[in-house]
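Here is a friendly walk through a structure that may be new to you. Take a moment to look it over before reading on.

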2 protein chains.
Amino acid sequence: MSFDLDAFLPYRLSVAATQVSRRFAARYAAEAGLSIPEWRVLAHLSRSGAVSVRDITARVNLDKSIVSRASARLEGAGYLRKSGHAGDQRLVVLDLTDSGRALMERLGRIADEFQAELLTELGDDAPAFRRALLHLAGPTD
Amino acid sequence: MSFDLDAFLPYRLSVAATQVSRRFAARYAAEAGLSIPEWRVLAHLSRSGAVSVRDITARVNLDKSIVSRASARLEGAGYLRKSGHAGDQRLVVLDLTDSGRALMERLGRIADEFQAELLTELGDDAPAFRRALLHLAGPTD
DNA sequence: TTGACATCGTTGCATTTGCAACGATATTTT
DNA sequence: AAAATATCGTTGCAAATGCAACGATGTCAA
């Protein structure tokens, strides 16, 4: 009996992730043309307050080069500011501007709506699904 | 209350998918240095037999340009052959060589092992997880 | 039959990605 | 205190990706 790709979890997981990302991106595309890294940086900053690039890199599961470039674009768009760190000169501290906070408020609503839709679709499987995802994310978190 | 990225399903899903893909890639890297598209094409061909590029594109959730390039590399490596289609000259038919079949047999074993590991890790949540993934993959399948 | 339109696979191109320097600053070791 | 190491963020570069031509073939309609 040959190998069945359709039943293979890494494959299914990847397809599902791509699909869901696309659906979500379509929602916030109307609000702002953010890339996924930009969206993650913004979302994390809105909760953490001012933090360094390295902090975000660790939290948001993206390479530091990606966070660096996403931050540069977000700065250019006026959504965040960069500043030096008092104690450690190597660090670059990121902080949302009012404009960034306002954008994130709108995006947060859209995200919450989308999340609610997903949970409805999943029904009773939602809790187990959430547990499984947390588990598979591995010891990195 | 601000938006919580860590609890956001599309994010968790994406992180989990990346993580699992990496783990799996590490397993088969020793056997053959395949990219993910190459692995998918190979895996699909091993089950479907000779089919066209378009067929694989639809089944394996990849852009046709990606399937085209993956096929070219696999052909170069001697894992598959391309041939014309009798009825429709536009089609390119792909078929595994003996070498390709042999490789896929080894990879299939590795994949099955990995899948078993994942299922063990997930425990009782596995069935719900699988259902959820199938559902989220959307009506495309 | 001829012409308009659709489909197939490949290729070109701009963008994104991941990784490995790199300069600048901190920390640790001797 | 000096020297060796480590860490931070940016940048360069090669490879991968997504999308839109494109040539070639097929199909459909007038």
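## The surface near DNA strand D

In this predicted model, the surface near DNA strand D is made up of 9 charged, 6 polar and 5 nonpolar residues. In total, 20 residues surround strand D, and the closest are Arg54(A), Ser68(A), Ile66(B), Arg69(B) and Gln89(B). Which part of the DNA do these surroundings meet? Of the atoms of strand D within 4 Å of the protein, 70% belong to sugar or phosphate, and the rest belong to bases.

Some individual contacts are worth finding on your screen. An N or O atom in the side chain of Arg54(A) sits 2.2 Å from a phosphate oxygen of DNA strand D. Gln89(B) uses its backbone instead: one of its backbone N or O atoms is 2.6 Å from a phosphate oxygen of DNA strand D. For Arg90(B), a side-chain N or O atom is 3.4 Å from a sugar or linking oxygen of DNA strand D. The elements that give two or more residues to this surface are helix H3 (53–60) and H4 of chain A, together with H4 of chain B. H4(A) provides the largest share, 4 residues.

## The surface near DNA strand C

Now turn to DNA strand C. Here 20 residues surround the strand, with Ile66(A), Arg69(A), Gln89(A), Arg54(B) and Ser68(B) the closest. By class, this surface has 5 nonpolar, 6 polar and 9 charged residues. Sugar or phosphate accounts for 68% of the atoms of strand C within 4 Å of the protein.

A backbone N or O atom of Gln89(A) lies 2.7 Å from a phosphate oxygen of DNA strand C, and for a backbone N or O atom of Val53(B) the distance to a phosphate oxygen of this strand is 3.2 Å. Arg90(B) reaches a base: one of its polar side-chain atoms is 3.0 Å from a base oxygen of DNA strand C. Helix H4 (64–76) of chain A, along with helix H3 (53–60) and helix H4 (64–76) of chain B, are the elements giving two or more residues to this surface. H4(B) gives the most, with 4 residues.

## Aromatic pairs

Across all chains, the whole structure holds 17 aromatic pairs. In one of them, the ring centres of Phe24(A) and Trp39(A) are 5.1 Å apart and the planes are at 65 degrees, so the pair is edge-to-face. Phe24(A) belongs to helix H1 (residues 9–29) and Trp39(A) to helix H2 (residues 36–48) of chain A, so the pair ties together parts 15 residues apart in sequence. Both Phe24(A) and Trp39(A) are buried.

Ring pairs also link residues of both chains into a cluster: Phe3(A), Phe8(A), Phe24(B), Tyr28(B), Trp39(B) and Phe114(B).

How values were computed. Residues are numbered from 1 along each chain as its sequence is written. Chains are lettered from A and ligands numbered from 1 in the order in which they are written. This is a predicted model: local features need pLDDT of at least 70, side-chain atom pairs count only at pLDDT 80 or more; totals for chains, interfaces and linings use all residues. Side-chain values use heavy atoms; hydrogens and water are left out. A residue is near a molecule or strand if one of its heavy atoms lies within 4 Å of it. A polar contact is a pair of N or O atoms within 3.5 Å; within protein, one must be able to donate a hydrogen and the other to accept it, and residues adjacent in sequence count only if both atoms are side-chain atoms. Ala, Val, Leu, Ile, Met, Phe, Trp, Tyr, Cys and Pro count as nonpolar, Asp, Glu, Lys and Arg as charged, and the others, Gly among them, as polar. Rings of Phe, Tyr and Trp (its six-membered ring) pair if their centres lie within 6.5 Å; planes under 30 degrees apart count as stacked, over 60 as edge-to-face and the rest as tilted. Buried means under 20% relative accessible area, exposed over 50%, partly exposed in between (1.4 Å probe, protein chains only).
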